[in-house]
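Load the model in your viewer and keep the selection panel at hand. The stops below go through enclosed space, open space and confidence.

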Amino acid sequence: MTAHTEPEADVEPLLDVFKALANPVRLQVLRWLREPVRHFPVDRAIADPVEVGVCVTHIQEKTGLAQSTVSAYMAELQRAGLVRATRVGKWTHYKRDETRIAALVELLGRTL
């Protein structure tokens with residue numbers, strides 16, 4: 001066995017997840033999205049944060065980062081399969097993909 005080997009195909013999804021979660025802000029946003037009603041302003045929501053997700057504007061306000069930065073962070077979480085995006089009018093809402101997260105946790109348990 002050599003020191004540098006190609007990753008196995010079933011490990012590739014985990015690498016994307018680890019990259020997405022390596023950023024502390026992305027990790028925190030994913031944690032906030034676990035309990036959206038607790039962490040985001042439900043009274044100003046235009047869609048149900050539990051069913052549809054949290055508006056990117058509310059995520060941006062809570063992080064205090066630029067809209068473009070938050071959008072890039074959310075796109076990274078989406079590419080990793082950790083969140084799903086839904087458009088409501090001109091706004092994008094994000095929700096954790098609990099099924100995908102559970103599958104990734106199971107895959108992690110099998111591969112480590």
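What volume does the largest cavity have? The largest cavity in this predicted model has a volume of about 60 Å³. A search of the whole structure turns up one cavity of 30 Å³ or more.

To display its wall, select Phe40, Pro41, Val42, Ala45, Ile46, Ala47, Pro49, Gly53, Val54, Cys55, His58 and His93, which line the largest cavity. Colour this selection by residue class: the lining divides into nine nonpolar, three polar and no charged residues.

Next, the open space. The largest pocket has a volume of about 270 Å³. Show helix H1 (12-21), helix H2 (24-34) and helix H6 (98-111), the elements that each give two or more residues to the lining of this pocket.

Which residues lie nearest the centre of the largest pocket? Select Leu21, Leu30, Leu82, Ile101 and Val105: of the 14 lining residues, these lie nearest the centre. Colouring the full lining by class gives eleven nonpolar, no polar and three charged residues.

Last, colour by pLDDT. The mean pLDDT of the protein is 90, and 91% of its residues reach 70 or more. Where pLDDT is low, the predicted coordinates should not be read in detail. Return to two of the pocket helices with this colouring on: among the elements of the protein, H1 has the lowest mean pLDDT, 89, and H2 the highest, 97. Both H1 and H2 give two or more residues to the lining of the largest pocket.

Conventions. Residues numbered from 1 in each chain as written. Predicted model: local features only at pLDDT ≥ 70, side-chain atom pairs only at ≥ 80, totals over all residues. Heavy atoms only, no water. 1 Å grid on protein atoms, 1.4 Å probe; cavity = no way out; pocket = protein on both sides within 12 Å on 5 of 7 lines; lining within 4 Å. Points joined across faces, edges and corners; volume = space filled by probe spheres on them. Nonpolar A, V, L, I, M, F, W, Y, C, P; charged D, E, K, R; others polar. Helix = DSSP H or I, 4+ residues; strand = E, 2+ residues; numbered from the N terminus. pLDDT = per-residue confidence, 0-100.
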